[in-house]
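Biologist: Could you give me a close look at one loop in this model, and then follow the chain outward from there? I'd love to hear what the neighbouring side chains are doing along the way.

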Amino acid sequence: MIGYLLHKYLSAFERRYSYDATYLHELADMSPRDFYRFAKVQMALQSKHHAPRDALQAAAIGGALVEDCGPCVQIASDRAVEAGMSSETIKALLSGQPTNADAQLGFDYSRALLNGSENLDDLRAAVEARWGKRGLIALTFMAMAARNFPVLKRALGHAKTCKRVRVGGTDIAVAQDVKAA
């Protein structure tokens, strides 16, 4: 019964985001307990407070971008739109164009954090100055959570596809300097 419910949930997730979650179905089949543990961690890391929406959503997009070539970045972008972030802001982030200060700082911080970039200390100080330690932790958790899906997908041997991200009806080619940073 548990397996049936997990697969039903995953199928709804796949339909909602036009996403192939074969690796999550595999995890659910292998160990419902481990699937539950993964889902619990993901939910625990999602933050909706302590920093502005655009900063949090941009941190998730940046976190997915560090690990992924498209499908998980697509979900992070779709979830950002669902949360109320403008498509134009997401397009700017992915194409390497400047955008609103909150989104840019969240995006830059998450990428620097996960890449261990030289500018991490400066970005950490900027985040903490704007939103305090709790805002810093909220952005960190969003970046961490977003990278978990592509890491698990790669671990189970399912990270084989690249695709452009579609935002607001437009395909966005992720700028190479954004991807590589």
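**From one loop outward**

Modeller: Happy to! In this predicted model, S18 counts as exposed because its relative accessibility is 63%, and the cut-off for that class is over 50%. S18 lies in the loop between α1 and α2. The backbone is worth a look here: phi of S18 is near 45°, a positive value in a residue other than glycine. Most residues other than glycine have a negative phi. There is another such case further along, at H50, whose phi is near 75°. H50 sits in the loop between α3 (32-45) and α4, and its relative accessibility of 37% is why it counts as partly exposed.

Back to the helices on either side of S18. On the α1 side, E14 belongs to the helix spanning residues 2-17. E14 is a charged side chain that is buried yet has no salt bridge. Its nearest side chain of opposite charge is R15, 6.6 Å away, whereas a salt bridge calls for a nitrogen within 4 Å of a carboxyl oxygen. Setting aside residues up to four places away in sequence, E14 touches Y19, D20, A21, T22 and H25.

On the other side of the loop, L24 is part of α2, which covers residues 22-30. L24 counts as buried because its relative accessibility is 3%. Apart from neighbours within four places in sequence, L24 is in contact with L10, F35, F38, F149 and L152. One of these partners, F38, is 14 residues from L24 in sequence, and their C-alpha atoms are 9.8 Å apart.

Now let's return to α1 and pick up a charged residue that does have a partner. R16 is exposed, since its relative accessible area is 56%. R16 and E82 meet in a salt bridge, with 3.0 Å from N to O. That pair links distant parts of the chain, because E82 is in α5 (residues 71-83) and R16 is in α1, 66 residues apart. E82 itself is partly exposed, with a relative accessible area of 44%.

This is one of 10 salt bridges counted in the model. Another joins E67 and R147, whose closest N and O atoms are 2.3 Å apart. Here too distant parts of the chain are linked: E67 is in α4 and R147 is in α8 (residues 120-155), 80 residues apart. E67 counts as buried at 15% relative accessibility, while R147 is partly exposed at 23%. Add R154 and you have a network of salt bridges linking E67, R147 and R154.

For a more local pair, look at E88 and K91, whose side chains meet at 3.3 Å, N to O. They are 3 residues apart in α6 (residues 87-95), so about one helical turn separates them. E88 counts as exposed at 53% relative accessibility, whereas K91 is buried at 14%.

Finally, α4 brings us to some helix packing. The axes of α4 (residues 53-67) and α7 (residues 101-115) come within 7 Å and cross at roughly 35°, and the crossing is right-handed. The α4 residues in this contact include A55, A58, I61 and L65, and those in α7 include A103, F107 and L114. By class, the contact has 9 nonpolar, 5 polar and 3 charged residues.

Definitions and conventions: Residues numbered from 1 in each chain as written. Predicted model: local features only at pLDDT ≥ 70, side-chain atom pairs only at ≥ 80, totals over all residues. Heavy atoms only, no water. Axes fitted to C-alpha atoms, helices over the stretch in contact; angles between N-to-C directions. Helix = DSSP H or I, 4+ residues; strand = E, 2+ residues; numbered from the N terminus. Left-handed = near helix turned anticlockwise from the far one by under 90°. Contact = heavy atoms within 4.5 Å. Nonpolar A, V, L, I, M, F, W, Y, C, P; charged D, E, K, R; others polar. Buried < 20%, exposed > 50% of the residue type's maximum accessible area, 1.4 Å probe, protein only. Lys, Arg positive; Asp, Glu negative; His and termini not counted.
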